[in-house]
Amino acid sequence: MIRDDIKAATIAAMKARDEARVSALRMIQAAIKNRDIEVRTMATPPADDVLVAEVLTKMAKQRRESIEMYVSGNRPELADAERAELGVIESFLPQQMDAASAQAAVRELVAELGAAGPKDMGRVMAALKERFAGQIDMSRASAMVKQALNP
């Protein structure tokens, strides 16, 4: 489980006295804990690895956006710090699908669900998120689903 890997990495980083990595790992654990608290009210919470992958994906996206802003704002030292955190976050994310695999998964899912047009996009996206959480970038997947559903 991803959560166990993060705990083990935190302990290893603490033993190695790698303060930057310990800080990033503690930030990840805090975000996961906050998400656990939010999920308590759900009738059927997502599986543990799915929940952790969602948190990590969101954190990675935030870091990428921050890096862009820091680079455009001429703050390379802050961008470097964000890159370091992004590296730690991405080390725990599941392997990302390449574009061809993602396109094939979208086409297969559209056929499986019998989706016919744009009105079925929500159903397809929900199924895609459920099956491939953390493995596919949902913004790119959204464009692929639109393309698959529009003739």
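In this predicted model, E54 is partly exposed, with a relative accessible area of 22%. That value lies above the 20% under which a residue counts as buried and does not exceed the 50% over which a residue counts as exposed, so E54 falls in between. The side chain of E54 takes part in a salt bridge with R35, at 3.4 Å from N to O. This contact joins distant parts of the chain: R35 belongs to helix α2 (residues 19–39) and E54 to helix α3 (residues 48–72), with their positions 19 residues apart in numbering.

Helix α3 also takes part in a second link of this kind. The side chains of R63 and E82 form a salt bridge at 3.5 Å, N to O. Here too distant parts of the chain are connected, since R63 lies in helix α3 and E82 in helix α4 (residues 76–90), 19 residues apart. Both partners, E82 and R63, are buried.

Another salt bridge pairs D120 with R123, again at 3.5 Å from N to O. The accessibility of its two members can be stated separately. D120 has a relative accessibility of 12% and therefore counts as buried, the limit being 20%. R123, with a relative accessible area of 42%, is partly exposed. Salt bridges also form a network that links R3, D36 and D48. Under the distance criterion applied here, the count of salt bridges comes to 11. In general terms, side chains of opposite charge can pair when their charged atoms come close.

The pockets come next. The second largest pocket holds about 190 Å³ of space, and its lining includes both R35 and E54, the salt-bridge partners described above. The other lining residues are A31, N34, E38, V55, K58, M59 and Q62. Helices α2 and α3 are the elements that give two or more residues to this lining, and α3 supplies the largest share, 5 residues. By class, the lining of the second largest pocket consists of 3 nonpolar, 2 polar and 4 charged residues.

The largest pocket has a volume of about 660 Å³. Its lining comprises 28 residues, and those nearest the pocket centre are T57, R64, I136, D137 and M138. Two or more lining residues come from each of the elements α3, α5 (99–113) and α7 (138–149). Helix α3 gives the most to the lining of the largest pocket, with 9 residues. The lining of the largest pocket divides into 12 nonpolar, 5 polar and 11 charged residues.

Helix α5, one of the contributors to the largest pocket, can be examined for its geometry. It has 15 residues, and at 1.5 Å a residue these should span 21 Å, because the expected span is taken over one less than the number of residues. The end C-alpha atoms of α5 are 21 Å apart, which agrees with that expectation. The buried residues of α5 are A102, Q103, A105, V106, L109 and V110. These residues cover an arc of only 160° around the axis, and therefore they lie on the same side of α5. The face of α5 turned away from the buried side carries the exposed residues A100, E108 and A111.

How values were computed: Residues numbered from 1 in each chain as written. Predicted model: local features only at pLDDT ≥ 70, side-chain atom pairs only at ≥ 80, totals over all residues. Heavy atoms only, no water. Salt bridge = Lys/Arg side-chain N within 4 Å of Asp/Glu carboxyl O. Helix = DSSP H or I, 4+ residues; strand = E, 2+ residues; numbered from the N terminus. Buried < 20%, exposed > 50% of the residue type's maximum accessible area, 1.4 Å probe, protein only. 1 Å grid on protein atoms, 1.4 Å probe; cavity = no way out; pocket = protein on both sides within 12 Å on 5 of 7 lines; lining within 4 Å. Points joined across faces, edges and corners; volume = space filled by probe spheres on them. Nonpolar A, V, L, I, M, F, W, Y, C, P; charged D, E, K, R; others polar. Arc of directions from axis to C-beta.
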